[in-house]
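Let's take a friendly walk through a protein model, from its overall make-up down to one residue. Have the 3D view open while you read.

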Amino acid sequence: LTERVANGHTGTLSEPSEETRDVLQSFRGVGTAGTWDGRRLSGEALAAHVTFEEWPADEPLPEWIDDLQELIDTLSPTTDVPEWASNAPFAAVLCQYVDHAWASFAAAYPTARLTDAGEQSLREILLERLVDVLAQAHHVDFVRFVAEREPELIREDRLSAASTEWHDRYVRAVGRERAAGFFEEYAVAARLLVDTVRQWEDRLGAFCERLHDDWDAATGLVDGAPSAVTGVAAVGDRHAGNDCVLRVETDDGVVLYKPRSLAPERELYGLERDLAAAFETVPELATPALVAREGYGWVAEVTQESHDSLASVADYYERAGALLAISYVLHTTDCHCGNVIAARESPVVIDPETVFEMTSRAATGTAPDPRGTNPTPPHPPAGPRAGVGAHGPGPGGPAGGNRARGDRVRGPA
């Protein structure tokens, strides 16, 4: 915290706030007997106050240690890397973890619908996540490995010319005996390795089971007649233990897997269709087909398309206005460019999780009106909070914004 304050990492303010200073002051002198002086503690200074050399004899080791040991035991001193992983840092080490995880995965979950390319894509997802959690620590350890043997290469910054040779020596050392010491040095990386493999197996395993059970319904969302999965890609943000939307490419079309309830999509798209059917002046909006299951679902892919006439552009913006009006009435936020796709007919909100949420001030009609100083009336439902949509709607749909402070009220608007 001291370092962040000293280096201005507290935001856009030139000086830290009084609140930040108060928090910082409360930590001064705690646990370090006066050595807290605003400088980063060296490893030696920290060790002088914190000593922990062995696990207590009367305390069992955490369960994840066994999984870690199993992963370490799979390592061998090889520098072989499959072509699909050749661009990943330290792939010779990380791919051995991937291979071990895949052997366990394939024995536990249905993979018959996956082609060789489909299986590879699941491996690539795990490798990408292992790079996120381990590559930086391995790089630091690699530099240390070289410095222990030829320190002048590091001092004179001459490592690059011989980096491939040293890299191969390093990964062989990790495969032979260095891995255990590496994870003792980087204990958080050890836990992250185990958790990442577990999460990958749990989340992708659930996907494969659901794909197997729902094959006909899920592939019915595409125009063709798919028979196998040729690729799976993680898209969007990760949530709840590295869960995320998966783009499932088959041999005859694409469908999206969402590992959460599709109630927001079902209600929003249904409302859009109902409004178009009830009012002649409300245009029909593009709404993707979907298959909703308990806690997850499948959605037809929405793609961005261009226009070939001014008339179609005019129709698009009329429908964009309708979507903007619906979003206003429903007090919608989070309609940024990643959550709205400009289909040919109209913008489509592809991640409408916030559509039927309101803050307590919005529900009681006391939220500030962005058009003036008067409070928003309770009927119709409150519009966007002050500052939302300051730049207006873009081609992809209405602008998003931050949620107003206050308790959330969930329920139908």
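What follows covers confidence, overall build, pockets, a cavity and one threonine.

This is a predicted model, where local features need pLDDT of at least 70, side-chain atom pairs count only at pLDDT 80 or more, and totals for chains, interfaces and linings use all residues. Residues are numbered from 1 along each chain as its sequence is written, and side-chain values use heavy atoms, with hydrogens and water left out.

**How sure is the model?**

The predictor's confidence in each residue is called pLDDT and runs from 0 to 100. The protein has a mean pLDDT of 80, with 72% of its residues at 70 or more. Confidence peaks in helix H5 (residues 91–108), at a mean of 97, and is lowest in strand S9 (residues 408–410), at 42. Residues 8–13 have a pLDDT below 50, and beyond near neighbours in sequence this stretch makes five contacts (heavy atoms within 4.5 Å) in the model. Over residues 32–36 the pLDDT also stays under 50, and here the model has eight contacts beyond four places in sequence. Where pLDDT is low, the predicted coordinates should not be read in detail.

**Overall build**

You'll find 13 helices and nine strands in the protein. These are DSSP runs numbered from the N terminus: helices are H or I with at least four residues, strands E with at least two. Of the 413 residues, 37% count as buried, meaning under 20% relative accessible area with a 1.4 Å probe and protein chains only. Among contacts with a separation of 6 or more, 66% join residues 24 or more positions apart.

**Pockets and a cavity**

The spaces are found on a 1 Å grid over the protein atoms alone: a cavity is a set of points where a 1.4 Å probe fits but cannot get out, while a pocket is an open set with protein on both sides within 12 Å along at least five of seven lines. Lining residues have an atom within 4 Å of a point. A volume is the space filled by probe spheres set on the points, which are joined across faces, edges and corners.

| Space | Volume | Nonpolar lining | Polar lining | Charged lining |
|---|---|---|---|---|
| Largest pocket | about 710 Å³ | 13 residues | five residues | 10 residues |
| Second largest pocket | about 540 Å³ | 12 residues | one residue | three residues |
| Largest cavity | about 50 Å³ | five residues | one residue | three residues |

In the table, Ala, Val, Leu, Ile, Met, Phe, Trp, Tyr, Cys and Pro count as nonpolar, Asp, Glu, Lys and Arg as charged, and the others, Gly among them, as polar.

The largest pocket has 28 lining residues, and Val235, Gly236, Asp237, Val245 and Asp351 are the closest to its centre. Among the elements giving at least two residues to this lining are strand S1 (229–239) and helix H11 (263–278).

For the second largest pocket, Ile65, Leu68, Phe183, Glu184 and Ala187 are the closest to the centre, out of 16 lining residues. Helix H4 gives the largest share of that lining, five residues.

The lining of the largest cavity includes Arg129, Phe207 and Tyr257, and H9 and S2 each supply at least two residues.

**One residue up close**

Where does Thr354 sit? Look in the loop between strand S7 (347–349) and strand S8 (357–359). Thr354 counts as buried because its relative accessibility is 12%. A polar atom of its side chain lies 2.6 Å from the backbone oxygen of Thr333.

Notes. Buried means under 20% relative accessible area, exposed over 50%, partly exposed in between (1.4 Å probe, protein chains only). A polar contact is a pair of N or O atoms within 3.5 Å; within protein, one must be able to donate a hydrogen and the other to accept it, and residues adjacent in sequence count only if both atoms are side-chain atoms.
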